[in-house]
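Please explain how this protein model is organised, beginning with its nonpolar interior and continuing through its sheets to the surroundings of a single side chain.

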Amino acid sequence: MAYVIGVDVGGTFTDAVLDDDSGSVIAAKAPSTPPDYSQGVLDVLELLAEQLGRSLEEMLAETHHIAHGTTSSLNALVQRKVPDVGFLTTKGHRDSIFIMNVEGRYLGRSPHELQHVLAQDKDHYLLPKRHALEVTERIDRDGNVIVALDEDEVRTRVNALKADGIQAIAVSLLWAFRNPTHERRIREIVAEIDPDIYVALSSEVSPRIREFARNSTTIMSTQVGPGLRDYLATLESSLKQKGLGGPLLVMQSNGGAVAASEAPQQAISTVGSVLTGGVIGSVQLGQRLGHRNIISTDVGGTTFLVGLIVDGEPERDTTTVINHHPINVPTLKVHAIGSGGGAIAWVDAGGNLRIGPHSAQAVPGPACYDQGGTEPTNTDANLVLGILPTTGLLGGRKALNLEKAREAIKAKVADPLGLSVEDAAAAIHAAQNAQTGDLLRKSVVEAGHDPREFVLYAFGGSGPAFCAKYATHLGVNEVVVPLGPVASAFSAYGLAASDIALAQELSDPAQLPVDAVRAEKNFALLEDQVRQGLDRQGLKFDRVEIVREIDMRYAMQLAEVTVPVADGPVDTGALQDAANRFEQRYAELYGKGTGFSAAGIQAITYRVRGRGVLPFSPELPPLDRADGPAPSSGTRPVYLEIGQGFVDTPIYDYTALRAGHVIAGPAVIEVPTTTVVVPDGRTGTVDELGNLHIRRTENGA
């Protein structure tokens, strides 16, 4: 027997999914354990072992690998809970990270914030100026050494940073992506002074043109690298001590995993690891259900996440924004807001009800957890409304205190707004649906897609309680709630289903027509790096898939578009085909006639993505067929619609449902790890894999 395990460490809960080479799939859920998240991982693995009827050591001994996703790096950056780091750059260019290329004023800001120009600032700098130091050196745009590296000056700078308590240094020199010699020598000098100092080089972390983005990417990677290194070392050591037979892998933003031993040196690539797990899971399930256009929505304890699968492929991007800084990371495109089950409801100075972005997280948690939390959350509202059972979550293992939830809502929302506790809870529920609906419109409609051509997948511990409503806001006709053995651990299912994926890139700007020999050389170098990286993962692959890309732009413009380069020789014809794809895609993105080919087209960045396909991935087992109507476990008063109040609503135990059962709304389906709401005017149908399909009835609104 061989097991594959996916572990999704969220801010509130840690989920795990295990599958084996015989087709069995099981899932477990346990509270996260900040600040030592590794204990929550061990807790959830123990629950998996219990379901197998084996000890943890026996299960781990037969585990092919564990794919691990965590929000710790992302949360640390977003909340700015990172250690001080040093920054070394070329003399005369230190202030680029403080000037921020003007972008620092507007990147990542909401439309409301963009309208208030005078309120914008650039106080979100990455490190104080005393930790940003310059060294004498210069390499030109062609990679030629113009000024040699002053090594004595480097030693002086490093010793100054060390004397100030710095134990991690980011190195980003001008044009280092064309010639990394000086950056590598600086790393050697740092190791001579103190081998325990963590060093990240821009030529390895982000070998891409544009100084500010490259600098910010390297600095942020340095900020989270040491913490990720220590966390993974501790976790991997604990797992090995308990008999883990295979490697520990870490999910990356690009939708694939990498060995834990390699992740810290590319720490920035893991910041979106948990965010992508659900998208990969949606791709896998979509293949089984015949869905090629999918809106993937994940509502956990802290965040609401949206990703798109278009024509069977997840949408990708080459950059992201964190704390108003551009980050060069090949990633699956995922939009996120702080609007999960633990998102805090509050009333602003204007008397408006707001949800998030702050979260109660696992500690202290929503008020109803009775762990000291006093702020009302979406979870508290759902408990007051009768959506959640008073018997608790996780099959009763997580007790809920209704009175604590009522007290928090009364003090922070109901009294300030002059509402009853019940109406205030209903308002929180409605505001959550409106807020998530807004993000969906931005992610789907504003990206040029027709939501009627998509199926919406809803998962996470909180998502199934809201999904039918936010799908209605968007105009989607069908919602799929992945249940079966994975339920709210669907992101962990995606992690278990992921393959090994690596990406290497290199900026080499040139006007088309580009010398084909030069382009071929760039791709050959990158492919060699990718294949070597795959060889270091310690796993055997069924096959390796290689994809080549070029980021292109019109001359004198900044908007770059990524286009594929066909397999085979990189000759003049292949490059011209890529240029044709660029013009076609540019028109799709920005409108017909917006391109200006007369200015010329430039090839900017070359990229190779490699995917090592693993021997097996989880396949959801079939569910027994129903032999009668869906059995209800009774009714309870549930408040689902403002103005209607509490209505006696049928309650269903998911474990008693079978394939083919149809449930008419309004209804609540209780799953051990989540709760599904089927509103009035909708029906829920259980498919052959145990998933619930929610659709409008003929007369449904």
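Which residues of the largest nonpolar core touch the most other members? The model is predicted, so local features are restricted to pLDDT of at least 70 and side-chain atom pairs to pLDDT 80 or more, while totals for chains, interfaces and linings use all residues. Residues are numbered from 1 along each chain as its sequence is written, and side-chain values use heavy atoms, with hydrogens and water left out.

A nonpolar core is here a set of buried Ala, Val, Leu, Ile, Met, Phe, Trp, Tyr and Cys residues joined through side-chain atoms within 4.5 Å. Buried denotes under 20% relative accessible area, exposed over 50%, and partly exposed the range in between, with a 1.4 Å probe and protein chains only. The largest such core has 88 residues, and those touching the most other members are Val-7, Leu-45, Leu-48, Met-59, Ile-66 and Leu-239. Leu-45 is in contact (heavy atoms within 4.5 Å) with Ile-5, Val-7, Leu-56, Met-59, Leu-60, Ile-66 and Leu-239, leaving aside its neighbours within four places in sequence. A second, separate core comprises 64 residues, including Val-299, Ala-425, Val-476 and Tyr-639. In soluble globular proteins, nonpolar side chains tend to be buried together.

Val-299 also belongs to strand 13, residues 294-299. Helices (H or I, at least four residues) and strands (E, at least two) are DSSP runs numbered from the N terminus. Because 6 of the 6 residues of strand 13 are buried, this strand is largely enclosed by the rest of the structure. Both of its faces are covered, with Ile-294, Ser-296 and Asp-298 buried on one side and Ile-295, Thr-297 and Val-299 buried on the other. Two strands count as paired if DSSP finds at least two bridges between them. Strand 13 runs antiparallel to strand 14 (residues 304-310), joined by 6 bridges, and Ile-295 stands opposite Leu-308 there. With strand 21 (residues 455-459), strand 13 pairs in the parallel sense over 5 bridges; Thr-297 has Ala-458 as its bridge partner in that strand.

Elsewhere, an open sheet of 4 strands follows the order 6-5-9-10 with parallel pairing. Its edge strands, each pairing on one side only, are strand 6 (132-135) and strand 10 (198-201). Neighbouring strands of this sheet are turned by 25° against each other on average, direction ignored; axes are lines fitted to C-alpha atoms, for helices over the stretch in contact, and angles run from 0 to 180 degrees between N-to-C directions. Strand 5 (residues 86-90) and strand 9 (residues 168-172) share 4 bridges in the parallel sense, and Gly-86 has Ile-169 as a bridge partner. Helix 6 (residues 151-163) lies across strand 5, strand 6 and strand 9, at about 170° to strand 6. Helix 7 (residues 181-193) packs on the sheet as well, touching strand 5, strand 6, strand 9 and strand 10, and its direction makes about 175° with that of strand 10.

Within strand 5 lies Thr-89, which is buried with a relative accessible area of 2%. A polar atom of its side chain lies 2.7 Å from the backbone oxygen of Ser-172. Not counting residues up to four places away in sequence, Thr-89 touches Arg-94, Leu-133, Glu-134, Val-135, Ser-172 and Leu-173.

Technical notes: Polar contact = N/O pair within 3.5 Å; in protein donor to acceptor, adjacent residues only side chain to side chain.
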